[in-house]
Amino acid sequence: MCAAGYMPPFLEVQLVSDNKTKKRTISILIVFLLMIAGIGAYIMFGIVGVDEKRTYAESDVALSNVNTGKTVIDDTVTYQQMNGFGASACWWAQDVGQWDNCSEILSYLYDREKGIGLNIYRYNLGAGSKGDKRILTENRSTQCFLNKDGSYDFSRDAAAQKALEFAKKSAGDHLRVTLFCNSAPVSLTKNGAGYGEPYKDENEPWVSNLEEENYDKFADFCYKSADYFIGKGYRVTDVSPMNEPQFSWAAWYNKDGSVSVNQEGCHYSKTEAAALYNAMIDRFSGSALEGKGCKISMFESSSAEGEGSACAAYLDCLLGKGPKYVFKNKKIREYFDTVSLHSYWTSAQTKQQAAEYIADKYSKYDVVCTEYCQMTDDENTGVHQLISAEKNGTNGMTIDYGVAMAKVIADDLTIFNAKEWDWWTACSYGVYTDGLIYLNPDNHKDIRLSKRFWCMGNFSKFIREGATRVAFSSGIDTVCGCAFVNLDNSTAVVYVNDTDKDETSTVECLGDYSVYTTSSKYDLEKTASGKAGDVKISLPAKSVVTVIFK
């Protein structure tokens, strides 16, 4: 027996050991519970990406081709398949469609022999702001097919429809048409206008100009508009109901108390965007139009950015699988296979971050780049300093602007694997770096083709719908570009030399070849041709060069 108060040494050791074990067990349990709570919180309030993950192979021979002066084309490593290249008809088509030389202007854009062979036409479905004196530029106010009583008048916007007709005559029946909206019809909006009312306080939260109760009516408008154009024989592939929803698209007060606005537009929060897409999907999914190849496209982000950006927040709301959204966006995730992004405000580094974000979480979705121009306050254009030096503005007609645009195209095609690339407005007036072609409303024969126009042709004239991008390296660190194999087995190689130094690169042409050059001297001109073999390609300073061979 043990005396009272006495504990044998072996029992004391045992008790200490048990206490340590107990504390360790409790600590492990606490850590485990915290982990579970953290995971639960992330799932409830965070975003979980899609289950599938798509990866593209890498070409060792292309990656290792550094400063060799030799072009490597590795067609065993493939990437995206192209829809093609295009531009929008805002806001020139409703004028040009009335001109006697409308056909000539459209042939420059859409005829493969006479022009640069664009194959995508972005037609603006106007909201009906025609006559709205608040809109500063008259031709940015539009006609609408939808009447206030719910009936339709498809005879409206006749001039814009005429321009589209000539585009199809130039491009052929394969022309892809995207119908896009800057705003819902004014008969459906809160204020009866194609833009939001001005805010009295700049800190006021932005609100949408479209009530959710009218989403179904807006979807029906998009459907019936698409049905009309398809009935007219057009190949409508996409309908885009919202443009850059992250912006407020509100008018503003002038100093005298009057109200002004630049154009039609509509803000949607990310949850409102999801709700509208659900309504659009309900109208289009399984419909006769879907059977004819017409789908809703998603979503026209103002810029392409990664983690922590507004772009990523919208993508997470629309495509994320966490319980925060999973029951609201199931139809969206299943319906869409493509995300539409604009190339504004993004450097190559920013694009890389966005591409990695999409590849990591939403890699099953393809990317299309549906709008870009050289905004005067965008430091990522490559010509920002040139624009800033022009006190009275500039149209940017020179080769510097063309090559800078070509660099953006090449980046988008290779960083995003973009399967479509569209310039903003094909034709422009006045003074701004937003046009491929510049027109004179007072002299219709005064047509000026910018170097951007010709540089875009280095891509659009030779890389056709269905072309597959293959691994490529120019062998010159300062020369970027891309290579595509067309459905007819021709290979198109595009080089972009955005330096002040002439370069050369040797490429193995497997068949008869032709070289087309845009530079300060040439406008997409055939500068060389010959038989199959190793060919030294001249890449002049500030140039875009395309080599095509079978």
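Where is the place of Thr499? In this predicted model, Thr499 sits in the loop between strand S17 (491-497) and strand S18 (503-509).

Let us stay with this residue for a moment. Is Thr499 buried or exposed? The relative accessible area of Thr499 is 18%, and because buried means under 20%, Thr499 counts as buried. The side chain of Thr499 also forms a polar contact, at 2.7 Å, with the side chain of Asn497. Setting aside residues up to four places away in sequence, Thr499 touches Thr478, Ala541 and Lys542.

I turn next to helix H14, which covers residues 451-460. Ten of the ten residues in H14 are buried, among them Lys451, Arg452, Trp454 and Phe459. At the start of H14, a side-chain oxygen of Ser450 comes to within 3.3 Å of the backbone nitrogen of Arg452.

Phe459 leads us to the nonpolar interior. The largest nonpolar core has 128 residues, and Phe459 is one of those with the most contacts inside it, along with Trp92, Leu106, Leu109, Tyr121 and Phe218. Helix H6 (residues 215-231) supplies the largest share of this core, ten residues. Apart from neighbours within four places in sequence, Phe459 is in contact with several residues, including Phe85, Ala406, Leu413, Cys482 and Val544. A second, separate core has 17 residues, including Ile476, Val493, Val507 and Val547.

Finally, let us consider the surface. Which residues make a nonpolar surface patch of about 400 Å²? Leu29, Phe32, Leu33 and Ile36 make this patch, and Leu33 belongs to helix H1 (residues 9-45).

Notes
Residues are numbered from 1 along each chain as its sequence is written. This is a predicted model: local features need pLDDT of at least 70, side-chain atom pairs count only at pLDDT 80 or more; totals for chains, interfaces and linings use all residues. Side-chain values use heavy atoms; hydrogens and water are left out. Helices (H or I, at least four residues) and strands (E, at least two) are DSSP runs, numbered from the N terminus. Buried means under 20% relative accessible area, exposed over 50%, partly exposed in between (1.4 Å probe, protein chains only). A polar contact is a pair of N or O atoms within 3.5 Å; within protein, one must be able to donate a hydrogen and the other to accept it, and residues adjacent in sequence count only if both atoms are side-chain atoms. Contact means heavy atoms within 4.5 Å. Patches are made of residues with over 30% relative accessible area and no salt bridge: like charges are joined within 9 Å, nonpolar side chains (Val, Leu, Ile, Met, Phe, Trp, Tyr) within 5 Å. Accessible areas come from the Shrake-Rupley method with a 1.4 Å probe; for residues, only the protein chains shown count as cover. A salt bridge is a side-chain nitrogen of Lys or Arg within 4 Å of a carboxyl oxygen of Asp or Glu. A nonpolar core is a set of buried Ala, Val, Leu, Ile, Met, Phe, Trp, Tyr and Cys residues joined through side-chain atoms within 4.5 Å.
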